[in-house]
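Please take a moment to look over the sequence and the model below, and then follow the text from one part of the chain to the next.

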Amino acid sequence: IDEFINYQILEIYSDNIDWPHNNIRYWRGDDPASLWRWIVYDLDASFGRATRGYKNDTFKFALAASGKRKYGATPLRQLMKNPQFAAEFSQRFAAHLNTTYEPDRVIEVIDSMAAAIAPEMPDHIARWKTPKSLTYWQSEVERLRLFAELRPGYIREFLRKRAKLSGDATLTTQTIGAGDVRVSGVLVPDDYSGPHFKSLP
């Protein structure tokens, strides 16, 4: 369940519209007692690549009750009927938005990946004629940065709307001495502070 929640959060956050009717893979070891794990792949239709971008409510795909996404959305849709699961899902999403998908962190990853391939882009464009120019490629990288910056605010609003939540409260922790703190299963840094949903455990 924990890994299923993390998997759903990643797909929803990233705005992967080629899912959950497609691009679903999972695996487990040969031992019949081993747990199923989710595989994330084929994210070329994410980060607003084929939608309204950071404003797109990907929950409508993840919770679809009809159409081509219905079958793939069934597990999450059914689990969200359980109030305990729905609360855990929402608060874990908040914790990930404050850590894993915190804008500065995501932008740092984008910048690192862009810097690694930037020296090769002129030769790539010359050979394959795509993207159409270096300037266009740079604008696409900037679009990714904008998605990372603005997506968390929209995700929080989508969660509030679906769970009919009134607002947020700031959760702050302080680590003194040895030890770690986990918020809804997410390892958070020392002196963590971030918005979480009111009225949910």
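In this predicted model, a good place to begin is Ser-14, which sits in the loop between helix H1 (2–13) and strand E1 (25–27). Is Ser-14 buried or exposed? Its relative accessibility is 4%, and because buried means under 20% relative accessible area, Ser-14 counts as buried. Leaving aside residues up to four places away in sequence, Ser-14 touches Leu-43, Ser-46, Phe-47, Gly-48 and Phe-147. A polar atom of the Ser-14 side chain also lies 3.3 Å from the backbone oxygen of Glu-11.

From this loop we can turn to the nonpolar interior. The largest nonpolar core has 34 residues, and those with the most contacts inside it are Ile-12, Tyr-13, Phe-59, Leu-76, Phe-89, Phe-93 and Ile-155. At least two residues of this core come from each of H1, helix H2 (59–62), helix H4 (83–98), helix H5 (103–117), helix H6 (121–128) and H7, and H7 gives the most, with 7 residues. To see one member of the core in its surroundings, consider Phe-89, which touches Ile-5, Gln-8, Ile-9, Ile-12, Phe-59, Leu-76, Met-80 and Leu-159, when residues up to four places away in sequence are not counted. There is also a second, separate core of 5 residues, which includes Ala-95, Val-183, Val-186 and Tyr-192.

The next residue to find is Arg-77, which has its place in helix H3 (residues 70–79). With a relative accessibility of 16%, Arg-77 counts as buried, and its side chain is joined to that of Thr-74 by a polar contact of 3.2 Å. Not counting residues up to four places away in sequence, Arg-77 touches Leu-63, Ala-64, Ala-65 and Lys-70. Of these partners, Ala-65 is 12 residues from Arg-77 along the chain, while the C-alpha atoms of the two are separated by 7.7 Å.

Charged residues add another kind of link. Side chains of opposite charge can pair when their charged atoms come close. A search of the whole structure finds 9 salt bridges, and one of the residues to follow here is Glu-140, which forms a salt bridge with Arg-49, the closest N and O atoms being 2.9 Å apart. This pair links distant parts of the chain, since Glu-140 is in helix H7 and Arg-49 is in the loop between strand E2 (37–39) and H2, 91 residues apart. Glu-140 is buried, with a relative accessible area of 17%, whereas Arg-49 is partly exposed, at 48%.

Glu-140 also forms a salt bridge with Arg-143, where the closest N and O atoms are 3.3 Å apart; both residues lie in helix H7, 3 residues apart, which is about one turn of the helix. Another salt bridge joins Glu-142 and Arg-145, with the closest N and O atoms 2.9 Å apart. Because Glu-142 and Arg-145 are 3 residues apart in helix H7, about one helical turn separates them. Both count as partly exposed, Glu-142 with a relative accessible area of 43% and Arg-145 at 23% relative accessibility. Elsewhere, Asp-2, Glu-88 and Arg-92 are linked in a network of salt bridges.

Finally, we can look at the surface. Leu-146, which lies in helix H7 (residues 134–163), is partly exposed, with a relative accessible area of 39%. Together with Leu-150 and Tyr-154, Leu-146 forms a nonpolar patch on the surface, and the three have about 220 Å² of accessible area together.

Definitions and conventions. Residues numbered from 1 in each chain as written. Predicted model: local features only at pLDDT ≥ 70, side-chain atom pairs only at ≥ 80, totals over all residues. Heavy atoms only, no water. Helix = DSSP H or I, 4+ residues; strand = E, 2+ residues; numbered from the N terminus. Buried < 20%, exposed > 50% of the residue type's maximum accessible area, 1.4 Å probe, protein only. Polar contact = N/O pair within 3.5 Å; in protein donor to acceptor, adjacent residues only side chain to side chain. Contact = heavy atoms within 4.5 Å. Patch = residues over 30% accessible without salt bridge, like charges linked within 9 Å, V, L, I, M, F, W, Y side chains within 5 Å. Areas by Shrake-Rupley, 256 points an atom, 1.4 Å probe, with all protein chains shown as cover. Salt bridge = Lys/Arg side-chain N within 4 Å of Asp/Glu carboxyl O. Core = buried A, V, L, I, M, F, W, Y, C linked by side-chain atoms within 4.5 Å.
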